[in-house]
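Reader: I am new to this one and would love a friendly walk through it. Could we take it one question at a time?

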Protein chains: 4
Amino acid sequence: MDRSGAGRSGAGSGRSGPGRPRSERARLAILDAAADLLIEGGLAAATMEAIAARAGVSKVTIYKWWPSRGAVAVDAYFHRYRPEMGMFDSGDLARDLTAQITLMVDAFRGRAGAIMAELIGAAQTDAALADQLRALWIQPRRDAGTILIQGAIDRGELRPDVDIQVALDQLFGPLYFRLLVRHLPLDDPMPAALVRAFLDGAR
Amino acid sequence: MDRSGAGRSGAGSGRSGPGRPRSERARLAILDAAADLLIEGGLAAATMEAIAARAGVSKVTIYKWWPSRGAVAVDAYFHRYRPEMGMFDSGDLARDLTAQITLMVDAFRGRAGAIMAELIGAAQTDAALADQLRALWIQPRRDAGTILIQGAIDRGELRPDVDIQVALDQLFGPLYFRLLVRHLPLDDPMPAALVRAFLDGAR
Amino acid sequence: MDRSGAGRSGAGSGRSGPGRPRSERARLAILDAAADLLIEGGLAAATMEAIAARAGVSKVTIYKWWPSRGAVAVDAYFHRYRPEMGMFDSGDLARDLTAQITLMVDAFRGRAGAIMAELIGAAQTDAALADQLRALWIQPRRDAGTILIQGAIDRGELRPDVDIQVALDQLFGPLYFRLLVRHLPLDDPMPAALVRAFLDGAR
Amino acid sequence: MDRSGAGRSGAGSGRSGPGRPRSERARLAILDAAADLLIEGGLAAATMEAIAARAGVSKVTIYKWWPSRGAVAVDAYFHRYRPEMGMFDSGDLARDLTAQITLMVDAFRGRAGAIMAELIGAAQTDAALADQLRALWIQPRRDAGTILIQGAIDRGELRPDVDIQVALDQLFGPLYFRLLVRHLPLDDPMPAALVRAFLDGAR
DNA sequence: AAGTAATCGAGACGGTACGTCCGGTCTTCCT
DNA sequence: AGGAAGACCGGACGTACCGTCTCGATTACTT
């Protein structure tokens, strides 16, 4: 989970105490190795042993900073992809939502989508991974979505009694559903169809 | 995946051929053992070795009939739960949908939901499991949902241009989303809120 | 161990009792299959399963007639090789012994020797194999050797107080020793050297 | 095959390199467990699993240091028996040889002999075992025997043209022959008879 | 400058499960 | 009664990772 951020953020001065400081070189080597393995062979290939070997690092060093291999994997994923989330806020909700959803559909269709599916899959049995995933991936997107929808409500584009959480679930849930269950593909017309149904209802 | 069903159901004649017939006793023992383990310790506890030991069966016998432990797990899950799907068709779509979704929310909140989450998780790296899951769980529910919505369209309760697949994704996708990502709980108001938003839209 | 011999030897009339008689076809197929496997991959390749599959025979049929796979192997070995033992009795003991030993050295140097080594090896943990091996291979050779030496004693070529059993062990034991332990090769000068040493002693 | 000995004996300096050093505790536990199993149930009982379980050691640790279970078995055998070879060199060759052979006959008649037979048997399909066996058991004895005979030649007790290798095979080969083929027992008169025949010849 | 403390690499270790192979045994149908 | 087919239990195989544990070697801060 890479606790380095929080531990060091304090005081800016870089209070560090005695002892050898953490090797930044090792940290990056680990993340790069893990990302490479993830891309080449999916989560299954990113074993602790393989990561350590490829990074030229001892397994203990990894365990020192991450609690599970899933945790390394998420960090590596975002270290590599550092995903553009795209803040769309043109004032036209339909357009912004469609753009946002299209972006995600595109991402989910590629290699990154396959890996994301594996990560969510592994999160079912790896709490650390799940936490990290929510913090780094889910939450930012929900926050952005909340702002978008709240804005539309404020502008009077949407009814004021809209349940924002449910709205987000109905807009984005289907993407994860299709990604994870694969009953249907994530195809091109989907984003527009989702937005249209969300805005106008079925009645 | 238990290939036995189809092969024998045909024609009632009981075509069997030479050789010792498959042991029904072993089949049931395996499914029961797997179901027990699944309930007690989740998918992680349902290892091939544990299942075999508990069922008093050799590992080869399991491998003979199921390609992966995930496949055994799904079969065991449905062997044990044989889930009531509830055909609601009162003619009032809102009521029927709410009932249907409430049923699933209730299921997802219990032990069965935790196991289902693990199964979908494991399905990300186990194609056999994924297939089985779609066939036994997803597809029947989508079929039922399709009938419900098509009926409402036919009755004029819904607009005729509703995209049924997207509609189902928006109604049920959020449940899987919350089950798997756990960003929010599957709470009591959710079913009604989903149905209302689906019918009336947000605008 | 192939108990068929005794059962059939009687009277030609073929008293056989009720039921289907033993299939000679199966017996030969088993021996041929086992011999082939033995030659291709050594004793390790001649598993019951492999023999049965290759012979187009069920495993039970093999177990019915042979107590262990080692037993099948010896029978197959002699079924295939039906080894020429060569009765040398020219009246010149040195010549006869040398011929006899040379014959065995030649046999031990080829594929048959490798298999023989494996058979003796397996006989250490397979009593049926050991019995069969002594009966079919060792004993005939010891009998022939006994006659040879006894004849020489009778003719006055050897001292009358020679211990024939020890003599045979000293003449042939070294061959098995080198075959099994491989500390030295079974080379060309060996037969003559053995015979000379045996006759004249070292003093 | 326990590669530890040679690697460390050199230079006394105790070169060790990085990493956790090999556990001497584990090494001894393995050898003791294997020896116990060997004695209790023969080579068949000394499976990798049984050795590991009894030694409280993981299987990988065994595979790390020994290439096959046969290799562990030989090492365990000699770890336990550390066989007295008895350097007899009284100047009377007949006496020395007889003593030497008697010693080996006695050994071959006990539990150790049964195990040795199984080891030689297994060596037919386990090259590592065979190598180890020659190095630890056969070679020392042949070296000792060579010295004995060479000494006798030097003293004029034996003809100078005696082929020492053949002589050793004729003296000791019969013991292995009877041990492995069991056509005759290793009885009390055998040592003297062998020596006498070797010295005086049969003519 | 010496001492203290944390990290790092290497790699051995106990453990759990994997998926496979064979050995023997059994059950059923066919001949 | 054979015999072919083939399912079954049991036991061992050799391998893969896991997470933990020594080691010796670095690399900073502290006194």
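Reader: Which residues come nearest to DNA strand E?

Author: Happy to start there, with the reminder that this is a predicted model. The protein has 44 residues around DNA strand E. Of these, the ones that come nearest are A:Lys64, B:Tyr63, D:Gly19, D:Ser23 and D:Lys64.

Reader: How far is a backbone N or O atom of D:Ser23 from a phosphate oxygen of DNA strand E?

Author: Backbone atoms of the protein reach phosphate oxygens of DNA strand E at several places. A polar backbone atom of A:Ser23 is 3.2 Å from one, and for A:Gly56 the distance is 3.5 Å. For D:Ser23, the distance from a backbone N or O atom to a phosphate oxygen is 2.5 Å.

Reader: Of the atoms of DNA strand E within 4 Å of the protein, what share belongs to sugar or phosphate?

Author: Those atoms of DNA strand E are divided between bases on one side and sugar or phosphate on the other. The surface near the strand has 14 nonpolar, 14 polar and 16 charged residues. The sugar or phosphate share of the strand atoms within 4 Å of the protein is 60%.

Reader: Which residue has a side-chain N or O atom 2.7 Å from a base oxygen of DNA strand F?

Author: DNA strand F has polar contacts of several kinds. A backbone N or O atom of D:Met48 lies 3.0 Å from a phosphate oxygen, and a polar side-chain atom of C:Trp65 lies 3.3 Å from a phosphate oxygen. The residue whose side chain is 2.7 Å from a base oxygen is A:Lys59.

Reader: Is C:Leu194 buried or exposed?

Author: C:Leu194 sits in helix α10 of chain C, which covers residues 190-200. Among the residues it touches are C:Ile101 and C:Leu171 in its own chain, and D:Val166 and D:Gln170 in chain D. Its relative accessible area is 0%, and under 20% counts as buried, so C:Leu194 is buried.

Reader: What kind of axis relates chain A and chain B?

Author: In general, two copies of a chain are related by a rotation about an axis and a shift along it. Here, chain A can be laid on chain B with an RMSD of 0.1 Å by a turn of 180° and a shift of 0.0 Å along the axis. The two copies are therefore related as by a two-fold rotation axis.

Reader: What percentage of the interface residues of chain A are also interface residues in chain B?

Author: The copies meet through the same surface, because the interface residues of chain A are also interface residues in chain B. The percentage is 100%.

Notes
Residues numbered from 1 in each chain as written. Chains lettered and ligands numbered in written order. Predicted model: local features only at pLDDT ≥ 70, side-chain atom pairs only at ≥ 80, totals over all residues. Heavy atoms only, no water. Least-squares fit on C-alpha atoms with pLDDT ≥ 70 in both. Contact = heavy atoms within 4.5 Å. Helix = DSSP H or I, 4+ residues; strand = E, 2+ residues; numbered from the N terminus. Buried < 20%, exposed > 50% of the residue type's maximum accessible area, 1.4 Å probe, protein only. Near = heavy atom within 4 Å. Polar contact = N/O pair within 3.5 Å; in protein donor to acceptor, adjacent residues only side chain to side chain. Nonpolar A, V, L, I, M, F, W, Y, C, P; charged D, E, K, R; others polar. Lists of a residue's contacts leave out its neighbours within four places in sequence.
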